Amino acid sequence: MTGRSTVQHQFVDIVPDTLQEGVVYVCIPYTTAVHLCLCGCSEEVVTPIRPTGWRLTFDGIAISLHPSIGNWDFTCQSHYWISHNRVHWDRQWTPAKIEATRRREDAHRARHFAVAAPTPPPPTSDAHVSARRRRPTLRVPKLLRPRSWLRHESRRHHQPGTD
Ligand SMILES: [Zn+2]
């Protein structure tokens, strides 16, 4: 298998529409990394960074992705590791091994989400923000107001300079 031996990385907020060959785009807000298959076939490889996906490490100079990247769905069927911005080509897997790994990953994912499912969604700060923007009058009972409002209010009763 011929392919490149090194990659560059780029931290991005949004993955660009046009990807450059040999660049691994790391998108932290979406916890994902994207690159074009390193064999040169230009297929887009998406590696979600999460407990059930890939683990990304960055040592300040180079990135590594773990585990290996196996592009079984592509015609090229390439298989490689990205470690410290170097590409280590691995052997292609047999259909049996691909199938077994897929089954294992599916089971892992199922276990993960079975555990994760009962966790309530993280609290959104929207309610808090809009409540704060609202002027502390009428609608919000005094006891429910955050302390900062009370401080704000009491300060307003003071003459400037008496604090
Ligand atoms: Zn490829």
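In this predicted model, four strands form an open sheet in the order β5-β6-β7-β8, with antiparallel pairing. The edges of the sheet are taken by β5 and by β8 (86-89), each of which pairs on one side only. On average, and with direction ignored, neighbouring strands of this sheet are turned by 25° against each other.

A good place to begin a walk through the sheet is the pairing of β7 with β8. These two strands run antiparallel and are joined by four bridges. Within this pairing, W81 stands opposite H88 in β8. For readers new to strands, one general point helps when looking at the picture: in a regular strand the side chains alternate between the two faces of the sheet.

The other edge of the sheet leads to a residue worth following closely. L56 lies in strand β5, which covers residues 55-58. Is L56 buried or exposed? Because 20 C-beta neighbours lie inside 10 Å, L56 counts as buried. Which residues does L56 touch, once those up to four places away in sequence are not counted? The answer is V26, A33, I49, I63 and L65. Another pair links parts of the chain that are separated in sequence: L56 and S83 are 27 residues apart along the chain, and their C-alpha atoms are 9.8 Å apart in space.

L56 also belongs to a wider group. The largest nonpolar core has 15 residues, and those with the most contacts inside it are V24, V26, A33, L56, L65 and I82. Two or more residues of this core come from each of the elements β2 (23-27), β6 (63-70) and β7 (79-83).

Strand β2, one of those contributors, has pairings of its own. Strand β1, made of residues 8-11, runs parallel to β2, and four bridges join the two. Here Q10 has Y25 in β2 as its bridge partner. Strand β3, residues 32-36, runs antiparallel to β2, and three bridges join this pair. In this case C27 has T32 in β3 as its bridge partner. Strands β2 and β3 make a hairpin with four residues between the strands, where T31 takes a positive phi near 40°.

Taken together, the core and the strands can be read side by side. V26 and A33 are among the core residues with the most contacts, and both are also in contact with L56. L65 likewise appears among those core residues and among the contacts of L56.

Conventions: Residues are numbered from 1 along each chain as its sequence is written. This is a predicted model: local features need pLDDT of at least 70, side-chain atom pairs count only at pLDDT 80 or more; totals for chains, interfaces and linings use all residues. A nonpolar core is a set of buried Ala, Val, Leu, Ile, Met, Phe, Trp, Tyr and Cys residues joined through C-beta atoms within 7 Å. A residue is buried if 20 or more other C-beta atoms lie within 10 Å of its own, exposed if 12 or fewer, and partly exposed in between; C-beta atoms are placed from the backbone. Two residues are in contact if their C-beta atoms, placed from the backbone, lie within 7 Å. Two strands pair if DSSP finds at least two bridges between them. Axes are lines fitted to C-alpha atoms, for helices over the stretch in contact, and angles run from 0 to 180 degrees between N-to-C directions.
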